[in-house]
Amino acid sequence: MSGLGGFSGCLDRAAQYARVCHAQPLAKSLSFLKSVLVGGAVLGLIQPAFAVGVISEQGIFPTSGQGVYAALLDLDGAAPRPAPAQRDDDAFSALAGFAQTVSLESKTSGQKAATSRQNDDAIFSELTEFAQRVGAKRPVAHEPRLKLAEADNAVDALKDFLRGNATPPQGGAPAAPATTPAKAAPAGPAVEAHFVGEKVCATCHAGHAESFSKTLMGRIGKTQPGKFACENCHGAGSEHVKLGGGRGVGGIISFRSNDQSRSVQDNNAICLGCHEKGDRTYWSGSTHEVRNVACTDCHTIMRSVSAKFQLKTVFEPETCFQCHKDRRAQMARSSHMPLREGKMVCTDCHQPHGTANEALLRTATINDTCYKCHAEKRGPFLFEHTPVRENCLNCHDPHGSINEFMLKVSRPRLCTECHGFGHSPNSGPNSYQIMGRACNNCHTQVHGTNSPSGALLHR
């Protein structure tokens with residue numbers, strides 16, 4: 001056994017010497033040693049157990065590798081064949097150990113400086129050959145233990161997590177995961193294109209070019225060429241022209257509501273590139289923005305329809321009524337704001353692009369909005385009516401009502417919501433102060449008065 005140990009030590013030193021000298025002699029030396037050991041084990045000149053021990057000590061093959069070592073194990077019968085997954089993991093471990101050994105020996109031999117290009121290629125070739133011999137031609141795909149959830153909220157994320165990590169049912173095919181609504185995704189990869197000029201666009205879209213020239217932006221484009229060119233909004237059109245045109249062909253940008261290749265935010269960002277200031281300062285986070293309202297839902301760009309603001313309808317409230325159908329019904333009531341007569345529009349009170357105030361109002365409070373037209377109700381008054389100073393909407397419905405003066409309920413029931421019935425202890429619902437009369441018959445100055453005798457808002 002001492003002789004065998006000495007022979008093993010000689011082989012060890014010979015292998016180390018071969019590795020230190022050069023990468024190419026190393027491959028030849030290892031190949032020769034392996035051939036001798038394998039041939040001797042097969043012919044019976046060397047005990048298989050001894051050959052296995054020598055090869056394992058030299059690090060030529062891992063303890064659970066494939067190829068020649070597996071054949072030696074079969075001859076020797078000393079150990080069972082490991083599972084394929086275990087052999088793959090051990091093969092990677094052996095490859096990592098071999099690489100570390102080569103690196104350490106390179107440093108020991110004084111090669112601490114940068115190795116030459118030829119030596120690097122030789123070492124890489126040796127590593128590749130070694131990986132192929134141990135059966136590691138393909139990297140083992142390690143599945144992640146946890147599947148990251150792709151959801152918009154915590155509940156969906158938890159469902160995706162439980163669905164992805166649940167154990168499959170026994171004795172049958174795994175159940176298919178529940179499908180979720182597909183989000184808008186680009187129809188294809190990004191298209192590399194360049195600008196071709198609006199004259200090329202006009203060859204096919206002459207009608208659009210003609211109608212656009214009559215809009216505000218079109219008229220500005222005539223005095224400032226290139227400022228409102230087609231490709232500034234629709235993207236570079238070289239691929240679109242090359243492929244013969246068509247909706248969405250060649251990566252061209254379409255602002256149609258039924259185009260699922262782009263999100264509403266992406267299309268709005270093109271408009272906000274020029275129109276982000278001014279009234280659009282509060283667009284981000286506004287009610288319309290968070291509800292995915294597109295600029296083209298209210299505005300039309302390619303043709304002139306309205307007198308101002310490039311709206312989709314001639315009459316501005318009709319644009320708002322596309323979504324706010326309840327306001328359309330209220331405006332049709334007998335008592336209403338003069339929208340139907342064209343004396344005012346929705347944007348006189350509201351800023352549809354967002355504000356820092358409630359209900360998208362242009363002013364800080366509801367009363368300040370009303371005072372823009374009803375300045376006589378502003379005050380200050382010597383005797384004030386508290387509900388009036390608090391909020392005009394306590395009594396009025398600004399979008400229309402079936403009662404006079406746009407009151408929320410008819411008089412005297414509106415007043416009795418706060419003041420009770422009558423003026424005397426024996427009064428009731430049928431008293432002369434209530435039936436057929438309105439409180440305003442006596443209390444005429446319900447919004448406030450400066451008269452010294454007007455504590456009861458008589459005059």
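**Close-up views of a predicted model**

**View 1. Residues 111–115 form a stretch of low confidence.** Over residues 111–115, pLDDT (the predictor's confidence in each residue, from 0 to 100) stays under 50. Here the model has 3 contacts (heavy atoms within 4.5 Å) beyond four places in sequence. Where pLDDT is low, please don't read the predicted coordinates in detail. This is a predicted model, in which local features need pLDDT of at least 70 and side-chain atom pairs count only at pLDDT 80 or more, while totals for chains, interfaces and linings use all residues. Residues are numbered from 1 along each chain as its sequence is written, and side-chain values use heavy atoms, leaving out hydrogens and water.

**View 2. Confidence varies along the protein chain.** The average pLDDT is 75, and 58% of the residues score at least 70. Among the elements, helix α18 (residues 366–371) has the highest mean, 95, and helix α4 (residues 68–76) the lowest, 49. Helices are DSSP runs of H or I with at least four residues, numbered from the N terminus. Over residues 75–82 the pLDDT is below 50, with 11 contacts beyond near neighbours in sequence.

**View 3. Cysteines appear here without disulfides.** A disulfide would need a pair of cysteine sulfur atoms within 2.5 Å, and the structure holds 0. For Cys-201, the nearest cysteine sulfur is that of Cys-230, 4.3 Å away. For Cys-320, the nearest is that of Cys-346, at 3.8 Å. Cys-320 counts as partly exposed because its relative accessibility is 25%, between the limits for buried (under 20% relative accessible area) and exposed (over 50%), using a 1.4 Å probe and protein chains only.

**View 4. Ala-329 sits in helix α17 (residues 325–331).** With 46% relative accessibility, Ala-329 is also partly exposed. Its C-alpha atom lies 9.1 Å from that of His-399, 70 residues apart along the chain.

Technical notes
Helix = DSSP H or I, 4+ residues; strand = E, 2+ residues; numbered from the N terminus.
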